[in-house]
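Q: I would like to take a close look at one single part of this protein and then see how that part fits into the whole. Could you walk me through it slowly?

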Amino acid sequence: AKGEDTALLDTTATKAPTVVIAEDVNNDGLISADELSNDGLVDVKITVPADTKLADTLTVTNPDGTTTDYAVTQDILDNGLALTYKAPAEGSNITVSATITDIAGNTSAKGEDTATMNGIPVSTNDQIDTCEDHAKVLSLNDFGNYSDSENDLLSKIKIESLPTNGTLLLSGLEVLSGQEILVSDITLGNLVFVPNENTDLDSLFTFKVSDGIDWSTESYTTI
């Protein structure tokens with residue numbers, strides 16, 4: 001009698017899965033404070049390609065470097081795999097990657113997404129000395145000591161509340177509460193404080209600084 005064995009040669013892996021960090025809304029590789037949800041968690045969606053089959057294995061490399069295997073189910077085929085991770089510290093990255101291994105042992109190329117948690121810029125309160133009834137051209141030094149954990153440059157300043165005893169003018173026009181002012185306008189000398197006449201009372205206004213992504217908490221300048 002004849003003894004026989006047969007096997008199908010399969011050396012073709014599936015295509016790579018797609019990994020998307022949902023909080024990186026504009027896909028710029030940064031998660032801003034506005035993009036991060038109030039729960040402080042980062043949502044990740046992994047979508048498998050059309051040639052993935054039931055019982056294939058989806059292997060996820062988590063942000064801490066550990067791996068987790070998921071047997072591909074119909075729900076994963078239809079809707080992908082949704083995962084949630086704790087947001088990284090400011091200035092730190094979160095990276096999630098995934099591969100698919102089929103029942104023949106072929107492993108796909110890696111799909112991956114990474115993003116950095118943007119550090120919120122900070123500034124200090126400030127004080128300006130000026131003569132009574134004399135206008136003062138403001139400089140960047142009049143908005144506290146700026147710092148940013150990723151060394152992002154100061155981009156703009158927002159006037160949160162107007163001076164209590166005087167007026168801010170930008171290129172001759174009165175500044176409004178909540179108005180954003182570019183660094184370039186300040187370095188060009190376009191921002192001027194005009195005190196009320198015939199008073200020696202101090203004036204105070206509040207402001208925030210931005211690295212172009214996030215705004216700081218509120219600081220104040222006394223004149």
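A: Helices and strands are here taken as DSSP runs, with at least four residues for a helix and at least two for a strand, and they are numbered from the N terminus. In this predicted model, Pro63 is placed in the loop between β4 (57–61) and β5 (67–71). Pro63 has a relative accessible area of 37% and is partly exposed, because that term covers values between the 20% limit for buried and the 50% limit for exposed. If neighbours within four places in sequence are left aside, Pro63 is in contact with Tyr85, Ile94, Thr95 and Val96. Thr116 is 53 residues away from Pro63 along the chain, and the C-alpha atoms of these two residues are separated by 12 Å.

Turning to the whole, the protein contains 2 helices and 17 strands. Its radius of gyration is 28 Å, well over the 17 Å that the globule rule gives for 223 residues, so the protein is more spread out than a compact globule. In keeping with the theme of overall form, the C-alpha trace spans about 115 × 25 × 25 Å along its principal axes. Buried residues make up 38% of the 223 residues, and among contacts between residues at least 6 apart in sequence, 63% join residues at least 24 apart.

Some of the strands form an open sheet of 5, in the order β9-β17-β16-β11-β14 and with mixed pairing. Its edge strands are β9 (126–127) and β14 (180–182), each of which pairs on one side only. Strand β9 pairs with β17 (residues 219–222) in the parallel sense over 2 bridges, and Asp126 has Thr221 as its bridge partner in β17.

How values were computed: Residues numbered from 1 in each chain as written. Predicted model: local features only at pLDDT ≥ 70, side-chain atom pairs only at ≥ 80, totals over all residues. Heavy atoms only, no water. Buried < 20%, exposed > 50% of the residue type's maximum accessible area, 1.4 Å probe, protein only. Contact = heavy atoms within 4.5 Å. Pairing = 2+ DSSP bridges. Rg over C-alpha atoms; globule rule 2.2 N^0.38 Å.
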